[in-house]
Structure formats: structure tokens, C-alpha cells
Amino acid sequence: MRDAAWVTWLARRLPQEVFEDAFVPALADRRAASLRHLASAGWMGRSGASFRYNLAVLVLILQCWRLARGEARTSLRAATAVDHTRTGSPGHHRQREHFVMNLGYQLRHAARLLRTQPLFTTATVLTLALGVGANVAVFAVVEAVLLRPLPYPAADELAVLKHRDERTGIEKEFIAIGDFIDLAARQQVFATFFPYSSGSETITGQGDPIRVDALSAGPDLLPTIGATAVRGRLLSETDAREGAAPVVVLGHQLWTTSFAADEGIVGRRIRIGQTDREIVGVASPGLRFPATRAREVGIVVPIVLPAAAPAERKSGWVFAAGRLSPGIDAARATANLRTLSEQMEGEFPVSNQGSRYFATPLADTVVGDTKRPLFLLLGAVGVVLLIACANVGNLLLARALGRRQEMAVRMALGAGRARLVGQLVAESLVLSALAGLVGIAAARWAVVALVSLVPPSVTAPGLADVGINGGVLAFTVGVTILTAVIFSALTALTVRADGGGEALVAPGRVSSSQAGRRAAAALVTAEVALAVMLLIGAGLILRSFSNLLTADPGFQTSGVLTVDIALPAERYAAVESRSAFYERAFAALRDRNGLVAAGAGVVTPLTGNNWTVPFERADRPVPAGQRPPDVGWQSASGGFFDALTMPVRSGRVFATSDRAPAPRVVIVSESIERQFFPGETAVGHRVRVGDADAEIVGVVGDIRRASLTDEPRPDMYFPFERSPGTATTLFLRTAGDAAAIAPAVRQTLRDLEPQIVLGTTTTLDRVRADSVAGTTFALSLLGLFAVIALALAAVGVYGVMAYVVRQRTREIGTRLALGATRQDIVWLIVRQGGTMAAVGLAAGLLTSWLAAESLAAMLYDVSVTDPSTFGGSVGVVALTAVLACYVPARRAARLDASRALRRA
Amino acid sequence: MRDRLPPLTHLQFAVLGTMLDTERAGRDVRDAIARFGVKRSAPAFYQMMARLERDKLVEGWYEQITVGDQAVTERRYRLRPAGRKLWDATRAFYERASLAATRERWSDA
């Protein structure tokens, strides 16, 4: 339990006597009570304990202030309104008491005053609450997704191993088995280091086949992420040795749902894929790894690795992660891994040239994609809050200027400047606190709405339990105090040190003070500048996003249904039986479901997959000791190209005649032709594929394979006809609505093979939409905030101009009386407002131009100084500002000269 | 002899009464008087105790205790002879007063 600095500071402001007699022993009790609570509370209870403790101490301080006031009252010291700060300080002790008493008194006074002006108070509080609420809601999401640690013990020590090919710049998380084994033996930075891979498996022999999320893992994984065995045991070292009996650990949920929480489950055997495995244990509930998984892991099987690195280093792939040793961070781990990568490059130049391994904190890899949009949103709501603050600041300024006479009277009666400023500060505090309360209430609702709107394809950890907790509350308190400080500073400008004598002499004639007027103008200017900045930022991002949405992936997504299937491995052990099935299936699907084209492919485009294969011309082998460059890998049937309507530039696509024992063939994308066969045609050339050669029989168009933002990269296609797998994805093109034929397609497949496992069935359009769903969502919010900002800025400009018109009523009346036309008056007012807006526009434009570079990484196919976005945003804000000025200007022009003069 | 009203308030009487036989932690005293329905914030309670100390009725000191593995302090109190004397006198007053009241009621009957 530690006292926060502000708590100590506040406590030290208490009168000495109260501090010693009441505060110190009460604080000791509080501390002991908190510690006792902590000792008995679980992990959940401990979270936020420090925040609760400091809150309790704050309450203690408030109680002590009450005591101090009570004491002061009885000694009749507080009865007079005489200001000690002005009449001379009666000593430090007294002053402290005074601060305390004054604050309480002034807060109550402020609350009473605000109650008498419900319209002003409501407008102010609602404007601010909008800003605070939006900030709290977005912060709650940021807190849950980015700031909250992952659900593993000491999660910040967990790191993932990644790999970068320095020649192509491609980053991958999976690493070659040979490299893993050598790294595991040589590395000195991980306390535990384990391989893993995740996917799905089929359990058969338990009635209907069950498709479950499977995790293959080294024995250290489960203990490292805090999993325990509720029945039996977890994986052991011996399970992962070559030749060990196959075992499996069940996930808790699978055990309860599919095995009815059978107590005698340990020792039973189940068939997973093609292997019989003995169940050795059941893991504790809530086992999720990797953390982005939406569901609990169903089964955990050991990854069996050879004891020494195999000669063919890339005979298999695994993911790797581990817990960093104490005192080692990701940067130091990366330094060590770099040395090892260079060592291995020297030893195995053929396989490891350019390969660099590095460590990334697990949390970063999990939140990777969501980080930038979220911080962007936080920035945007921050700007909304600033604009809301500026609006409220304007209202307060106008009000303060209207109260100058009151202030002058009070100053003349002996109140010090400090006391008057204190009064304004108190009012700001009360307003901010109210806005904070309303904002939190609104945010509670907004958070629920926000989370329900997040597209299901966004699987950020922590998203499920976004809420208003201690951290979020602390953030709100911080924001509220910040707004109060801003207003206080603004309104304090209007209280003049000289006592504002002329306000007393001629109350009706005083125009607003120079400082006040300047502050109001500065606020409007700042508001306009902020609105322009937000609009330009949002505009740039939205434009690049619309480019992204309309980007040509190189194939047609509309009208294509994709179905993930898995055939029972036992019945389809032979290649021939699999080939026969796919042939029958494609024929039946075409006949029965009216398909235009049907094909199979292993990699579904736009799902982030970047599997690669080395590319080497047979007639120009790379020099000995060097590694050929990597290109994208895909295994596809001839129908795949038809279904995706990929253009065939030359040659042909695969056909059933390409099955073994026909000669090996491949298809390449046109960028391979450009890059490796400059000035000649690729078709007819031979490439190295493993130990054999294959002939290029076709060249197809480039596609954006991993995601829409990826530039098209070289890809090589292998005939699915030659090596059809048991699990693949079918790509089915129909002339009509792809989603509509899904049930019929599934039925056709089931009729052909009753034991087939049908996985995800979706359309390529959906795959494409899902691949950008997170961004779409974040950007819709960004657009919303930009509109709110614009509206708030318009209200701000309108408010100030309306006030200006009121202030200048007398002058306008005189002008009208002297013969000014209505147009003159409108022009007069619009010019004044326009000047402020123009300065704001210029400032906003300049700042955006300077800051736009920081957005560059998020832009796609849009220049950071895109003239149309800049021009459009400026135009919109300028038009809004002119309209906001025009309304009060017209009102001014309609004034009746004689009445205006009399009223003034 | 004329019977004077004792200078102790009911609350002070109750507080001193909790410490007749033993010294106590402030927290315990506060819990004990809470049972009489007296609700005082911790600062208000300790301010009252400080006044009793100033009037030399109780003696207070800080003592270190450990909670879990952390050392914290707590304020402890014991009755001073003057406090004891005043409490006894107050109790005697109430006894006499109640006796007198009973007698009067019987004589009225």
C-alpha cells in the first residue's frame, strides 16, 4: 500500500492539529485494514486495491477537512468573510485552514449558483459529458485490449520467436524444425522455450465425428501459461520423444461437453485424425493459446521432434515461444538471437541465408493489428474533448464577462484576486465533476454498444470484458480534472488585478476586457483548427480505406462460395481414392448445384497466409552455398483459377492429366515471369522443385494473396490434382448468389461421403469483408468523431458570434441609425467571425500538413498531402463557420435601430 | 451534600468504559462504541480521543504491528488514573441519580 503523491500533498494541506490528532491515526487504521483485506483476497480482489486504498484515503482527508471547518467555526474564525490573504497572513497554520475552508465554502457556493442557471449548467454539462463519455468509452476499450495483461501468469515475460528474411523483408512466425532444434539448444535468453502449432483436428469413433481446436505443444507450454491438470497429468518430456506412445490432454470444455465430464476418462483411447491416442489428463478450464483464439483449446497433443536437427532443416515448421529469463527483455533476447542466426547462416548457408530470428513480446503479437486504429481513435476522441472544452470555455468566458460588475464590487469590498479566481475555479470543478458523472453514465451504455458493434472477425483478447473499472475511473477523474484546470485558467484571465474599477463606475458600458476578448477569439480559432485537423486526418484515412475496399485483388470475389472440408483419413489413405473423390465431387456439384466452375485450393486468399517456397530456374541454378529467393506457395486445381476468374496470361491451367505419373508441372504468376524471365516467356522453362524439375505450363495474373494491403508478390502454383490432401478448401463459382447455394452444396457433399467433415462455409466476398472488418469498424467511429467535432465547432463559432452580436448591439444600432444597410451589418459580423475562422483554418492546415507524415504508415494509395482531402476538409469547415456566423449576423441586421439604441 | 452533574458526556463515558480493565487499540474502541449505535468517522473519533488525551483522562501511543509481512502502526490507549476516577465518579452519580429517581417514584405512589 503506497500513498499516491497527490494524496500526501492534500493531506499536508490539513491544519497541523487535525493532521496529527485525527488524520495520522485514522490513516494507520485504514492502511492496516487494507492490508488485512489484501491478505485474504484472491487475485481478483487484489486488482485495483491500490486505487481503492487511495480513494479511501481521499475520503479520510475530506472527513478531516470537515473537522477542521467545524473547529474553525467554533472558534469564530470563519464567521467573517474577511480575506486573510489580503489583510495579511496570520501564519502558515491559519492559511492552511483557510484554503480548506474556502474550498468547501466555494464549492457549495458554486453549486448553488449553477443551480440558479439550469440552462447554462445543462448545456455546459452535456457538451462536456459528450467529450468525456466518448473518451471514457474508447479508453475502456483501449484499456481492455491493449493495457490489460494477457490471461497468463507474468504475461509480460512471454515472448514469441519470429523470423525475417532479410532479402525479401517477409516476416513469419513459423520457423523450420532444424532451426528450432538448434536455437533451443543454443539460446541463453529464454527460461523455457517451446514449439507449438495450432489448427483443428477430427475426433472419430465417438458417434458423429467432432471437429475440435487442437494445440500441438512442447511439454513446457502448458505449465508456462499457468495451465494445470484437473484430472491425470499434463504432457511430459517423454511424450515428446521420438517413438513415444501417442497421448493427448483434453481441454476442460471438451471433457465436459463431449465426454460428459467422465471421471474415468484418463487412460481411455480416442482416435484423432489417423492416430489412436491415450488420454493422459484433462487441463484446467479457460485454456486459450494462442491468446487470439476465441474458443478454448479442445485437445493438446505433444509435438514430437527429433533429438538433433535433421539434415533437411526445413522438413517441417513450428511456431516457437517462451518465457524470457529474469532480467532479459525482448530487445536483449533479439540481440542474442541475431548472433545465433548469423552463426547458423555461416553453418548452413543453403537453408539459412538472410534468415534472422528475433523475439517479440507475446502481447504485441496478439494486439498487433488493433493497436494503431485504437490509438488513432483515442487521439480522435481526445480532439473531440478539446473542442468540447473550448466550447464550454467560451460559455464560461461569456458568463464571466457578464459578471464583471459583481467581481468589481466584491474586489472593492476587500476580496482578493485569489479569492475571486478561487470562486471561478470552484465553478469549473463543479461543472467538470458533473460532466464526469454524466459522461461515465453515458460511457457505460456506450461501451456496451461499442463492443456489440465490433465485427465478430476481430478477435482481440479482453474485448469480451470491456467495462468501467478502476483504471477507467482513474482515467475519467484525470480527464475531468484536466478539463477543470483548462477552464479555470481561461476564466481566470477575466479577473483583473487592478480591481476593474470602471465596471463600478459605468456598469452598463463596459465592453469585455481585452484579455477576455482575446481568449474567446483564441478559443474559436483553436476549435476551428482542431476541427480541420481531425477532418483532414479522418479524410485521409477514409480515402485510403475506400481505395483499399475497391483495390483489385487480382481475382473476382463475388459469386464464389468457399467450403472447408476434411475427408476421413483412413478411407482416403491412397492418393487415387482422394483424386477419385474430388473428381466425383466437382462433377456432382456442377450438375446438381448449377456451378459455373469448381476447384480446390489449400490457401484461401486474403486470410493472411504467406507460405513460401524457394524459386530456382533449372537452367540458372543459384551458386553453391546460396539460397534461392522465396515466392508464395499455393496448391490448386485447374478449377481454382476458373472459380476465381484469374486471368491466364499464357499457357494453360492444371488438368486431371497432370496426375502422377505424368511429368511434374507448375504455374507461375506474371511477376515471376517479369522478374526471373525478363524478355522471354516463362512457359516451357523448367524450375527446381525439391530434388526434381518441373515444367512451367502456364502464367496467371498476380493476386494480392495475404491481404488487400499487400502489394502483389510472385506466386508459384502446384497441381492439386497431383497431390490432393484430405483437408482442403473448395472454391465454387455460381452465376447467382453464392451464399444461397451453401445448404445444397453441403448436402451434395454429405451425400457423396457421409463421414466428410464440413468446416467453415462462407463466400469470398465475406472473406474479403472480414479481412478489413476491424478497420471498417474503427474508421466508421473515426468518421463519427469527425462529424461530432465539426458540429461542436459549429456550435462554438455560433455561440461566440451570437455573444459578439449581443455585445455590439448598441454599436449596430448606431450604425443602422447613421444609414448602414442590412448587408453592411451582415458583412460586419460575418467578417469578424470569418477572420477568426480563417486564422483557425490556416493554423489547422499548417499543423495537419506538418503532422500528416505520422499518418503515412496507415495510408494506402493516398498522398499524405492529398490536395482534394485537404481542400475538401477546409471547404467543409469554412462553409460551416460562415453559416455559423451568418445566423447571428442576420439577426443583427434585423435589429430595429431605435430599439437597439434604447436597449443598449 | 449537593450532587453536581459530572463533566463527562455520554459518549466519553462509553469510550472510557471500554478501557476499564485493559489497554485497547483505537480501532477496537471505535468498534466497541459502534455497538452502542455511535457512528463516527475515523478522523472524528481520533479527534475526540485526542481531546481526552489533552484532558489527561487517557494516555495514547503508537505501537508497531505486522499485517501479513508488512509493518504498520496503530494508536493504542489506556485509562489514566484521572480518567478512571472521573469514570467512577460519573457511574456513582448515575447510580445515585437512578436510586433517587426510584425512591421518588415509590414515594409518589
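Which residues gather in a patch of positive charge on the surface? They are A:R806, A:R890, A:R891 and A:R894. The model is predicted.

**Charged patch on chain A**

One member of the positive patch can be placed in an element. A:R890 belongs to helix α27 of chain A, which covers residues 867-893. A:R890 counts as partly exposed because its relative accessibility is 39%, and partly exposed lies between the cut-offs of 20% and 50%.

**Nonpolar patch on chain A**

Chain A also carries a nonpolar patch on the surface. A:L126, A:L434, A:L437 and A:V438 form this patch. Together they have about 360 Å² of accessible area. Helix α15 of chain A, residues 417-453, supplies three residues, the largest share of the nonpolar patch. A:L437 sits in helix α15. With a relative accessible area of 63%, A:L437 is exposed, because exposed means over 50%.

**A buried glutamine**

Is A:Q106 buried or exposed? A:Q106 is buried, because its relative accessible area is 5% and the cut-off for buried is under 20%. Its place is in helix α6 of chain A, residues 92-115. Leaving aside residues up to four places away in sequence, A:Q106 touches A:R419, A:G422, A:Q423 and A:A426.

The three residues of chain A compare as follows.

| Residue | Helix | Relative accessible area | Class |
|---|---|---|---|
| A:Q106 | α6 of chain A | 5% | buried |
| A:R890 | α27 of chain A | 39% | partly exposed |
| A:L437 | α15 of chain A | 63% | exposed |

**Chain B**

How many helices and strands does chain B have? Chain B has four helices and three strands. From the N terminus on, their order is α-β-α-α-β-β-α.

Chain B has 109 residues, and 39% of them are buried. About 7100 Å² of chain B is exposed, and carbon and sulfur atoms supply 50% of that area. Now take the contacts in chain B with a separation of 6 or more: 53% of them join residues 24 or more positions apart.

Helix α1 of chain B runs over residues 10-17 and is mostly covered. Six of its eight residues are buried. Which residues of α1(B) are buried? They are B:L11, B:Q12, B:F13, B:A14, B:V15 and B:L16. B:Q12 is thus one of the buried residues of this helix.

Conventions:
Residues are numbered from 1 along each chain as its sequence is written. Chains are lettered from A and ligands numbered from 1 in the order in which they are written. This is a predicted model: local features need pLDDT of at least 70, side-chain atom pairs count only at pLDDT 80 or more; totals for chains, interfaces and linings use all residues. Side-chain values use heavy atoms; hydrogens and water are left out. Patches are made of residues with over 30% relative accessible area and no salt bridge: like charges are joined within 9 Å, nonpolar side chains (Val, Leu, Ile, Met, Phe, Trp, Tyr) within 5 Å. Accessible areas come from the Shrake-Rupley method with a 1.4 Å probe; for residues, only the protein chains shown count as cover. A salt bridge is a side-chain nitrogen of Lys or Arg within 4 Å of a carboxyl oxygen of Asp or Glu. Lys and Arg count as positive and Asp and Glu as negative; His and the chain ends are not counted. The place of a charge is taken as NZ of Lys, CZ of Arg, CG of Asp or CD of Glu. Helices (H or I, at least four residues) and strands (E, at least two) are DSSP runs, numbered from the N terminus. Buried means under 20% relative accessible area, exposed over 50%, partly exposed in between (1.4 Å probe, protein chains only). Contact means heavy atoms within 4.5 Å.
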